[in-house]
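The following exercises treat fold, burial, backbone geometry and chain contact in turn. Each task is followed by a worked solution.

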Amino acid sequence: MEIIKPAAAGTLESSDCQVTVEKGDGGIDFSLESAVINQYGNQIRKVVFETLENLGIDNVKIRIVDKGALDCTIKARIEGAVYRSVDQYDNLPWGGAIR
Amino acid sequence: MINAVGREIPDYILNQTGKKPFQGSFHYDGTIFKKHGPNVKVVMNNSGSKLVPTIDEVLDKCDAHDGMVVSFHHHFRDGDKVVCQVMEAIHRRGLKDITICASSLGKAHDALVPMIEDGTITNIQSSGVRGKIGQAISEGKLKGLAIMRSHGGRVRALMTGEVKIDIAFIGSPTADEYGNLRAIGGKSDCGVLSYAMPDSFHANWVVGITDCLVPYPNFPAHIGQTRVDYVVVVDEIGDPKKIATGAAKPTTDQRKLLMAEYCTQFVVNTPYFKDGFSYQTGVGGASIASTLSLTKIMKERNIRMGFGVGGLTKAMCDLLRNDQVNCLLDVQDFDTSAVESVKNLKHFRISASEYANPFNKGAVVNKLDFVILAALEVDVNFNCNVVVGSDGVITGAQGGHPDTAAGAKCAIVIAPLLQGRIPAICSEVTTVTTPGETVDVVVTDYGIAINPRRQDLIECMKDVDLPFKTIEELRDIAYSIVGEPEKVQFEDRIVGIIEARDGTIMDVVRQIKPFEFREEV
């Protein structure tokens, strides 16, 4: 998948995260600000890269402001932001790229 | 050297501080020591007043010098204006290497950070530090070691002479011109001066600071004229709105109510719950809720509390108003309701030494049946952390946590299993403040764990319908939801020590390190 336009998903509420994506410069440019970065920074990065890989994305600037979201939330917010960036709201690949 | 809670205390820290590693909660029971006594400047003349016009002049009279130790109390809480006024006067003189020995420091004292950075303040000894000072210490800005002491441990340090206070500055809601200090009346009513009482016995110079001068004699004095050298009147010693807040509304948070209910059910099923039992709790939502639900059962079963102790809130003082407790023993007032209650004849002020000092001839905490505590983290050995946040930054205070846990027959810690993504029950706490051997029960919203050391409690709960789990099970539930947390990355430099109540070293606190992602494998 290619990121087409900048998009965001999620909130800055406790236990949520806000994900913004935009077209990259030929790779994955990941930045993270997290209330729990000391304990879960590496784990969050792992989830981000796995989720992007599932979506087939390798060219993106992705920024996450995390307020202690669980892995499943982070994954869902990334998927939300990515599909918004390509304006796809129907026929989402449940069980495929989204799993 | 590894201490009795399994923490590595580097030899150079032991050498530098002259301290021993923690050897167990009751290691020094029965020890005999010689009390340290301060200097006393004799006043025989009858020329009258101890009033000094300004803080600056009192600094001259008390021989303020580089390297001195000054002390403060925290009864004005977030409304305190004494510490900053005094420290600004010290700063203006260009004095250096000052040690602050406070009963606690908080958000009201953020203005001290530049004085830490420029070397005015090089040592801090306190129950804990919240706000920007905590951040500054964790970033390594304090030249010396921060020492975190429990309320009881602080009095011990004064009594043994481990810390010798040069000048104690005691903010007092009212004072007369001959140094009788009272916590009641005036503009900044804080109810009690318990944490300052030991300072008045052990400091070389004792200065009362007030914004309400009253006629002599200001009796009955909470700190009397025989212990006070000078009195300074300033415009404001505090912000009354932040000293005693209105009573907190009872929580409606279902999670806290659930934990409160578990806690109360546990309490009433122990053998200690009988007429005349004693009880202490804190100001957290779950603590207050458990006091309220306990109150109800006491009424139903016609059981009276013998005494309640501690920092007091409306929920505790209502027990006295409703004649459900014989008396309250007070070291701090958290709301206006408690400040009002202290005027009741059965609501007694006690000093920090009477409350919790492990090195006197027996403190009130030793007579506690129950204490209900909170914690940032509890590990599978029941060790608690109440000082250092899970992110490694100093953010809390020991308070009376280790003192009451050691004293009470049944020490209960209430903690929600998860705070956001951070598990409160973990394999190893970031920093140990209260040793697990003194913590009997942990109540979470996912279940209750009894310390295996307390087989008697496990036995008496056998037929009680509560969700009992092992502490490891609670940790595993937490980790199954949020994942296992990684350990915080610290620098090598030690910025502070957690002192056990007996003066040994419980743990060390290291400088925080900016987070870096682990290299890809």
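**Exercise 1.** What percentage of the 99 residues of chain A count as buried?

*Solution.* The model is predicted: local features require pLDDT of at least 70 and side-chain atom pairs pLDDT 80 or more, while totals for chains, interfaces and linings use all residues. Residues are numbered from 1 along each chain as its sequence is written, with chains lettered from A and ligands numbered from 1 in the order in which they are written. A residue is buried if 20 or more other C-beta atoms, placed from the backbone, lie within 10 Å of its own, exposed if 12 or fewer do, and partly exposed in between. On this criterion, 34% of the 99 residues of chain A are buried.

**Exercise 2.** Describe the fold of chain A, from its elements to its overall dimensions.

*Solution.* Helices (H or I, at least four residues) and strands (E, at least two) are DSSP runs, numbered from the N terminus. Chain A contains two helices and four strands, and their order along the sequence is β-β-β-α-β-α. The radius of gyration of chain A, taken over C-alpha atoms, is 12 Å. The globule rule (2.2 Å times the number of residues to the power 0.38) gives 13 Å for 99 residues, so chain A is as compact as a globular protein of that length. The C-alpha trace of chain A spans about 35 × 25 × 20 Å along its principal axes. Finally, take two residues to be in contact if their C-beta atoms, placed from the backbone, lie within 7 Å. Of the contacts in chain A with a separation of 6 or more, 75% join residues 24 or more positions apart.

**Exercise 3.** Locate A:Ser15 and A:Asp87, and classify each as buried, partly exposed or exposed.

*Solution.* A:Ser15 is in the loop between strand 1 (7-9) and strand 2 (17-23) of chain A. Although not a glycine, A:Ser15 has a positive phi of about 70 degrees. A:Ser15 has 16 C-beta neighbours inside 10 Å and is therefore partly exposed. A:Asp87 follows helix 2 (71-85) of chain A, and this non-glycine residue has a positive phi of about 55 degrees. With 9 C-beta neighbours inside 10 Å, A:Asp87 is exposed.

**Exercise 4.** Which residues contribute to the contact between chains A and B?

*Solution.* Chain A supplies 15 residues and chain B supplies 15 residues. On the side of chain A, helix 1 (residues 37-55) gives the most, with eight residues.

**Exercise 5.** Check the length of helix 10 of chain B, then identify what covers its buried residues.

*Solution.* Helix 10 (residues 285-301) of chain B has 17 residues. The expected span is 1.5 Å times one less than the number of residues, which gives 24 Å; the end C-alpha atoms are 25 Å apart, which agrees. The buried residues of this helix include B:Ile288, B:Leu294 and B:Met298. Among the elements covering the buried residues are helix 9 (254-268), strand 11 (277-281) and strand 18 (410-414) of chain B. Just after helix 10, B:Asn302 takes a positive phi of about 60 degrees.

**Exercise 6.** Which peptide bonds preceding B:Pro217 and B:Pro220 are cis or trans?

*Solution.* The bond from B:Tyr216 to B:Pro217 is cis, with omega near -10 degrees. The bond from B:Phe219 to B:Pro220 is also cis, with omega near -10 degrees. B:Pro217 is placed in the loop between strand 9 (205-210) and strand 10 (230-233) of chain B, and B:Pro220 lies in the loop between strand 9 and strand 10.
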